[in-house]
Amino acid sequence: NHESIKLNVNKMDVAFPNQLFINGEFVNSVSESSMECVNPSNESVICSVQMASSDDVDIAALAAEKAFEGEWSKLSARDRGNLMFKLADLMEQHKEELATIESLDSGAVYTLALKTHIGMSIDTWRYFAGWCDKILGSTIPIAHARPNSNFTFTKREPIGVCGLITPWNYPLMMLSWKMAPCLAAGNTVVMKPSEVSPLTALKLAELSVKAGFPKGVINILPGTGAETGEAISQHLKIRKVGFTGSTVTGMKIMKAASESNLKKVSLELGGKSPLIIFDDYNLDKAVRMSMGGVFFNKGENCISAGRIFVDSNIYDAFLEKVVTEVKKIVVGDPFNRSVSHGPQNHKAHLDKLIKYSETAQNEGAKLLIGGKRLDRPGYYFEPTVFADVEDHMFIAKEEAFGPIMAISKFSSSDIDAVIRRANNTEYGLASGVFTSDINKALYFIDRIDSGTVFVNTYNKTDVAAPFGGFKQSGFGKDLGPDAINEYLKTKCVTMEY
Ligand code: NAD
């Protein structure tokens, strides 16, 4: 029983809550503060959403603790999984509505939102629902003065109340990548979606009530990083923070964790992922996949190929073909079926891209196409290509997180040199190589310092495969069996008989 925002978007009726979700209820923030959600395709206000204060985080953490100590822990692992399957089924039943809300709030093209943002979220819930009753310990033959008189075994236990903090690029999917393994492991959650795209998270809260999750297991608190996010990372009852976002924020979260209660932390952070294209690979395929590597989800993709190194033998041909392809990208209203590229998520991000592009030009990178805001309402930025990018330039070092391709040349006579350049970054999220030579591919795989490696493909992420970075791209994994481990602690028991 709660108020909903009801809208008709693209001939579809959608409804979603705009309050905080705490202890199974939709409530206003104690501070009554709210923020406007803006439609990035026309800059109109969609609705206002309550923003959680630190007092709200406190109330939610207590509710999550009570649920953890009570009903949630009493549920069998299989029943926990069944609830998650039920939620996934409800998401499936509401997938068009969820995709519509996601497009409206984030600017993602509707068909992509349906397939990726929502489709992969549903997949994630199902994958981890299946894990609930497969979390196993082990028995260990310890050395001891009296052999065969000891029994040593491990139990994998949930951590308790977990704080989850996510970004705006795939709002529901980023939430799902964290919340599904976290709940599957038996924890309860206080979750903060990004303040700029919180609507599908609140819709999920509504569906979780329908699915029958006990009160307090899931708490969803939109709010700012400075207030809600910090309150979560400092909270003494929260024993783990799972975070996806920028490296700068990741560092703040680790600091807060170390200064509060030494909570466990896992961090999925930024990237500047290199993609190396050798002349022995099919050029048209390389162009097509590089386009996806950079422009997928209008570049708002953490594993976006931020640096493209092209073999000097095919450099000019590659540039020509890429520019031809970029001209075919149809930018516009995310609900228009002929559009493949929507607006950037929010105004501050658009402004960042404009500045980024200006800096690249000032530093001497060669602008081949795009480079500026579209002359129309909405946060539209032209798909952009820079060539002759040099390693010392800002564009070669810093993440754009937008539709900007940065191309450099390399010589295939020195494969070590290009791998050294690829590794010459503080990030280590993803990387790619296109070559038809298996030896080159294997050489690259062994030497590249990134958590995800693609060979002759790009962006292929699957819920069953671990995902996460090295170096300042963070630590810990989302997805795959590894993700469950991020939300468990191991208890080792030794008995003597
Ligand atoms: P961000 O770090 O600004 O914000 C991410 C989240 O952290 C938001 O919910 C924000 O409100 C919150 N936050 C901000 N300051 C905080 C603080 N001091 N304490 C606690 N929480 C705080 O990042 P963003 O702009 O939302 O997202 C873009 C970044 O996310 C990019 O760097 C991108 O590469 C990264 N990202 C990484 C992955 C991955 O899997 N590695 C996936 C998606 C996005």
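**From the ligand shell to helix H3**

Helix H8 gives five residues to the shell around the ligand, the largest share. The model is predicted. Start at this shell. The ligand has 31 residues around it, and Gly 225, Gly 229, Gly 245, Thr 249 and Cys 302 come nearest. Two elements give two or more residues to the shell: helix H8, residues 225-234, and helix H9, residues 247-260. By character, the shell divides into 15 polar, ten nonpolar and six charged residues.

Next, turn to Lys 489. This residue sits in strand S24, which covers residues 488-496. Is Lys 489 buried, exposed or partly exposed? Within 10 Å lie 15 other C-beta atoms, so Lys 489 is partly exposed. A buried residue would need 20 or more, and an exposed one 12 or fewer. Leave aside residues up to four places away in sequence, and Lys 489 touches Glu 157 and Ile 159. Along the chain, Lys 489 and Ile 159 are 330 residues apart. Their C-alpha atoms are separated by 6.0 Å.

Finally, look at helix H3. This helix has 17 residues, 77-93. At 1.5 Å a residue, H3 should span 24 Å. The end C-alpha atoms are 25 Å apart, which agrees with that expected span. Which residues of H3 are buried? They are Arg 80, Gly 81, Leu 83, Met 84, Leu 87, Ala 88, Leu 90 and Met 91. Other helices help to cover these buried residues. Among them are H4 (95-106), H5 (110-129), H6 (171-184) and H7 (199-211).

Notes
Residues numbered from 1 in each chain as written. Predicted model: local features only at pLDDT ≥ 70, side-chain atom pairs only at ≥ 80, totals over all residues. Near = placed C-beta within 6 Å. Helix = DSSP H or I, 4+ residues; strand = E, 2+ residues; numbered from the N terminus. Nonpolar A, V, L, I, M, F, W, Y, C, P; charged D, E, K, R; others polar. Contact = placed C-beta atoms within 7 Å. Expected span 1.5 Å × (residues − 1).
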